[in-house]
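Q: I'm new to this one and would like a close look at a single part. Could you pick out one pairing of side chains, walk me through it, and then show me what else is around in the model?

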Amino acid sequence: MENFFDLVPLVVFIPLAGMLLNLFAGQNLGERGVAIIAVGASASAFLIALLLWIAQIDTGYGAAVIDAPLLGSWIEIPSAGVDIGWQFRVDTLSVTMMLVVTGVGTLIHLYAVGYMHGDERFPRFFVYMNLFLVFMLVLVTGNNFLMMFVGWEGVGLCSFLLIGFWFDKAHGEGWKNSDAARKAFIVNRIGDFGLILGVLLTFWTFGTLDYYVPGEEPLAHHAETEEADVPLFGTGVEEAEEEAHATGPMGVFNQAEIWLEEGDHEVEFGMVSLSFKTTITIITLLFLLGATGKSAQIPLFVWLPDAMAGPTPVSALIHAATMVTAGVYMMVRSNVLYHASDTASAVVALVGAGTAIVAGYIAVGQWDIKRVLAYSTVSQLGFMVTAVGVGAYTAAMFHLVTHAFFKALLFLASGSVIHGMEHGHHHLAHAHDGHGHDHDADAHDDDFDPQDMRFMGGLREKMPITYWTYLFGTLALAGIIPFAGFWSKDEILLDSLKAGLDDGHMEGYVGFGVLLVAAAFTAFYMWRQVSLVFYGKARHEAADHAVESGRVMTVPLMTLAAFSLGIGFINIPSGFPILSALFGEHRFANWLEESVTYAHGGTANLLLAALAVLVATIAIYFARSVYSDEAMVDLSQDPLEDDLHIRRVFGWANAKLYWDEFYFSFIVYPYQRAAKWLADVLDWQFWHDFVHERIIYRSYRGATDVLTEPVDKGVIDGSFNKLGDLTRQAASRVRLIQTGYVRTYALSVLFGSLLVIFLILFPVIRELLGI
Amino acid sequence: MGDISLVSLVFILPLLGVLALIFEPLFERQTNEQAIRWLTLGVSLGTFGLSLLMLNNFDTGVAGLQMEHKIDWIEADGFTIRYYVGVDGISVWMVMLTTFIMPLAILASFGPIQERVRLYYIFLLLMEWAMIGVFIAQDLFLFYVFWEVTLVPMYFLIGIWGAEERIYAAIKFFLYTMAGSLLMLLAVLWLGNEAGTFTLPEIIEQIQTGELSLGTTTERWLFLAFAIAFAIKVPMWPLHSWLPDAHVQAPTAGSVILAGILLKMGTYGFVRFNLPLFPEASKTFAPYIAGLAVIGIIYGAWVSYGQKDVKKLVAYSSISHLGFVMLGIFALNSTGIQGGILQGVNHGISTGGLFLMVGMLYDRRHTKLMAAFGGIWKAMPLFSGISLVIVLSSMGLPGLNGFVGEFTILLGSAGSEILSWWFTAFAALGIIMAAIYMLYMFNTVFMGELDKEENRNLPDLNWQELWSLIPIVVMVFVIGLQASIFFDLMDESAEALAAPYVANPNAEALVELNTGDVELAVALWAISGAVIGVVVTPIIYSGRGRNPWSGGLVGAAAGAAGNLLLLVPLWVYTPALEVDEHALPATSEAPGD
């Protein structure tokens, strides 16, 4: 079945074909045709990914590098040894990502058919969605860092286009959707700045950007394999391969392993010489900057909450399930490098943990249903990044997979809620139209926001499917056993603690403590949200008239809900009672180890599991008691604000810690002011007008005036008069420009300069002409 | 045809077109404007076809000139000035760029240009002829002649068909570039005199074999004379002041040619003359020129963001892009040079496209102020979609052409043996800044609410406009996805160019350069700060009603101190640098070159 690996380009090219079809013919196909093409393309890509998965299992997890058809080499400069190709890589890591992207992607495409129904740019929406799949799949299947970068910026572009999909609408005072889109792209570009520098440094360190060259297998790290607590490296095959590939061309990661073992390799870069270890630390930190952009970590997370301006399926697909996890994927892909640098790993862990807690805290104070989820996403990404930092690459990928399902579910369900609210609102407006004069409703209309949870309440009865699926997502996110989030979150917590206890990494303890608190926040804000949306009584007539969404939307919801419950079973830690016997021990880890050198499975720690569930349960109980049905009748202020001290804490969360304000006043506005100053004052008034006009031009004119009167009139004019007349006649015949001024000016310049040249060059010319 | 090479044919065809246009009235009773347009387009397409043939005949295995054509022109006592043309891997792409852009510029003029049509197209074809001449000339004097000839049609294109302040802009363009080229003329004559010939390959050979030795001082002066002429044309910061005037005032096709091709004459000049003729001086000046290039990248991008006029924004963005090109060239290795050349081509395509775009907006609304637009996407979906591609290509989205160029340049500068790492780091900042100004423009013009009544019924592209943009979009993707095709042709030539600079660097010489020139450089740096301070501060002070003279002193002190402060990081790592130089031969395992 190895031939199946050759199918991998199709994973990219099928969505591309779908996108092109809809781009050029979408206007004539009607909603149905467009939807069939788009969803079909996505589903076909998913099928290919499934085939690849089966082929992987069948071939004993062999990896393959496949050249892209039609395209030759991308950037090839023989004299400089640069050869960057269009190559796809099939291994367990890329297949995992492919399955998640296309699987969740297909469900969201399907849902979007219902959600976007009736939009005037319906075809365009699906063009962008398919284009997103193309880039995301390029990102995860590329065999070199530059191809990853193509996908990396490409998904950023799609994110830009989709956030700004309703670019003519505004979101809040003076903040247009297009501004949110632009903010997302630029903030991401700041991260990309780091990533591209990292890629450059990688190239000059290793002489290649390929992860592995064709036919090469990841080398297992010798020292690590001997240690008992990191099992499952040498499967015999690899060791043989190791010998075979110790010489010959090598990809980045194996070369890194070898140089790390040698220990005394030096790297020349831009007139500096660095030890190999230092170089790796710099590379990984630059990569981290990239990851903070794409995966919304401190300090660059600010774009993600604004990105909620896009349609909800976009939030689910791009800003929750797939694109934002690209940073985590990239770091897991580079696990060899991160593993080699303790400094970088520590920074990664601290950034992740900081993000997890900060975003979790901010989420508590939000009223917008999607904003809560956005901050929740930031927080969960923080969990994944922390996992990378403490070396728990399996846990990071595991959480990435489970999170993709339950967060997509939550977003889609929130979209269903918004849809229901809008429906209720329409119904209301319609009813009032019929009844004639109800000024009160009009007043209501002005500040009605279908996404504001203060207008919701009591939707449990109105939208039962949405409610139940939402509940599944919430329980998974909060980490309640046996939902998916429990398994992955627990593994991150355990691995952090182990990094502290076993390896003595301080960031392990810090990560563990911070993440545990963040997990409590997670459970709290999610239950606050569930209470506000679904429990109690309707606080607005729109919520009273909300209806359940159609089947095209609820079917994806229910599918995702099933996954949110079940997907965690793919990686039950070893030694977990009953379940590990039922589903096998950390199968996902075993699978991942084939391509992620430093991935490892987890062992169950029941005490920690119990602690995590207890913390979550207490937080849920606490949330429900604060947001009880009675407390939610009047929501002019949050129940948390009743207490004077907590009110301030809530206020900070509500104001998002003034993070945006800080950036605006210290970076954005100064940059804009400086741009204005440079453009208007320095470049124009000073350099253009003052220096050129006044100093150079006027002094030139002054000099000309002096020369004109005594010299020109007397001497030169006479001799040049004839010539001047001739030219004037010629010129007046041609009549190019009416202003005599130009003509004489240019002419005088010409003759003047010729004279000067002649004088200066007289000796040379004499010699030249042999006079 | 016998001895006439394809290159000569490509060169002559536009001139034949000019003759045809001049005598066109003889064939018909009245000037037929439509016939003139189509004739011109046909000639330029024919030239493009011939140049494709030339590309087809190009032998990638040869580093030197191909398809040469040599005729003695002026003979005088041992000196021969020749009509000597030919292409190598560098100039072949410049010629291709010229012949590719010209039909688009001509097609885009069909609608907007309705006055003095014949004269206009005569100038366009003259322009094409002269520019091809510049790129294929292999004789110093011939090169200089064409270099000057390009000024004339452009002067009239701006001066006659330009916007309100066209006369002023035309004169400024003329004088500014003229001033530079006079210096070059001096250098050309001097060099010809020293070498006893004007034929470029002969002079280069003399220099490489050591037959002709100019001496350090002379070499540096000659380098500077050429460099200033080219730097004005590029334009490099701070010699860019003519550019916004010329661009903004020029008609659309003029801007396209100016940005697309004319500016490349500057960067091409550096590659063709400065690098092979003055190796020592190039090495000495490389960090300074690259420094100016990096300043240009950041400055251009920053100033772009402060513009209200969309054409001016695009004009300033050229300064930023050309900064990348210059950085690549003065990385002085094969990667950098090839990246620079390719980015030159890319800039011609993307910025050419941007100017076409701006022209189309202007034709519809007769304003170039961004504030006058908004939400155009709803009114002109096709135009906006194509514009998006061009904007993205200009800001370097991977998979499109701009990225390949920028990446290769950064790859070259990062691996350079002459430039320190921070050139690369600061240049990469330009990538962020490009996104900032480009998206600002795109957001203001195309996105947002379609709230202006005048914009509601703007017609989408007509066929001339569409077909002038489609080739650009196609090339954006072709270069972006298959850059190897382009590198393939220039690889040998670029390697030969870079050879003198990348052969085992003499460790002692480099260290000597660092220690010997450091004091002077620091002093100059401090003085430049002081001068800037003296000039700038009074201006700011006078705006605020304070005594400008006291401001001068404060400014001088502050400027000098500020510049010295900027040196601190340099200072810190200088010792490390010297140690490395000694270690270099032993550990140089860096790939490539």
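A: Sure, let's start with a charged pair in chain B. The side chains of B:Glu465 and B:Arg364 come together in a salt bridge, at 2.8 Å from N to O. Along the chain these two are 101 residues apart: B:Glu465 belongs to helix α19 (residues 463-481) of chain B, and B:Arg364 to helix α14 (residues 334-365) of chain B. Keep in mind that this is a predicted model.

Is B:Glu465 buried or exposed? Its relative accessibility is 11%, so B:Glu465 counts as buried. B:Arg364 comes out at 17%, and because buried means under 20% relative accessible area, it counts as buried too.

Salt bridges can also join up through shared partners, and that happens with A:Lys183, A:Asp306, A:Arg371 and A:Asp660, which form one network. Over all chains, a search of the whole structure turns up 20 salt bridges.

Here's another one from chain B. B:Asp245 and B:Lys172 meet through their side chains, with 3.1 Å from N to O. This salt bridge links helix α10 (residues 242-249) of chain B, home of B:Asp245, with helix α7 (residues 166-195) of chain B, where B:Lys172 sits, and the two residues are 73 residues apart. B:Asp245 has a relative accessible area of 5%, so it is buried. For B:Lys172 the figure is 9%, so that residue is buried as well.

Over in chain A, A:Asp91 and A:Arg333 make a salt bridge of 2.9 Å, N to O. A:Asp91 is in the loop between β4 (87-90) and α2 (92-115) of chain A, while A:Arg333 is in helix α12 (residues 326-333) of chain A, so this pair ties together parts 242 residues apart in sequence. Both A:Asp91 and A:Arg333 are buried.

Now for the rings. The whole-structure search finds 84 aromatic pairs over all chains. One of them is B:Trp93 with B:Phe486, a tilted pair with 4.6 Å centre to centre and 40° between the planes. B:Trp93 lies in helix α3 (residues 91-109) of chain B and B:Phe486 in helix α20 (residues 484-502) of chain B, so the pair ties together parts that are 393 residues apart in sequence. B:Trp93 and B:Phe486 are both buried.

Another tilted pair is B:Trp237 with B:Tyr299, at 5.8 Å centre to centre and 55° between the planes. B:Trp237 is in the loop between α9 (216-233) and α10 of chain B, and B:Tyr299 is in helix α12 (residues 279-305) of chain B, 62 residues apart. What about their burial? B:Trp237, at 22% relative accessibility, counts as partly exposed, whereas B:Tyr299, at 8%, counts as buried.

Chain B also has a cluster linked by ring pairs, with B:Phe143, B:Trp147, B:Phe223 and B:Phe330 among its members.

Charges and rings meet as well. The charged end of B:Arg365 sits over the ring of B:Phe373, 5.7 Å from its centre. In chain A, A:Lys489 lies over the face of A:Phe383, at 5.1 Å from the ring centre.

One last stop is helix α19 (residues 464-478) of chain A, which has 15 residues and spans 21 Å from its first C-alpha to its last, close to the 21 Å expected. α19(A) is mostly covered, with eleven of its 15 residues buried, including A:Tyr467, A:Tyr470 and A:Leu471. After α19(A) comes A:Gly479, with a positive phi near 85°.

Notes: Residues numbered from 1 in each chain as written. Chains lettered and ligands numbered in written order. Predicted model: local features only at pLDDT ≥ 70, side-chain atom pairs only at ≥ 80, totals over all residues. Heavy atoms only, no water. Helix = DSSP H or I, 4+ residues; strand = E, 2+ residues; numbered from the N terminus. Expected span 1.5 Å × (residues − 1). Buried < 20%, exposed > 50% of the residue type's maximum accessible area, 1.4 Å probe, protein only. Salt bridge = Lys/Arg side-chain N within 4 Å of Asp/Glu carboxyl O. Phe/Tyr/Trp six-rings, centres within 6.5 Å; stacked < 30°, edge-to-face > 60°. Lys NZ or Arg CZ within 6 Å of the ring centre and 35° of its normal.
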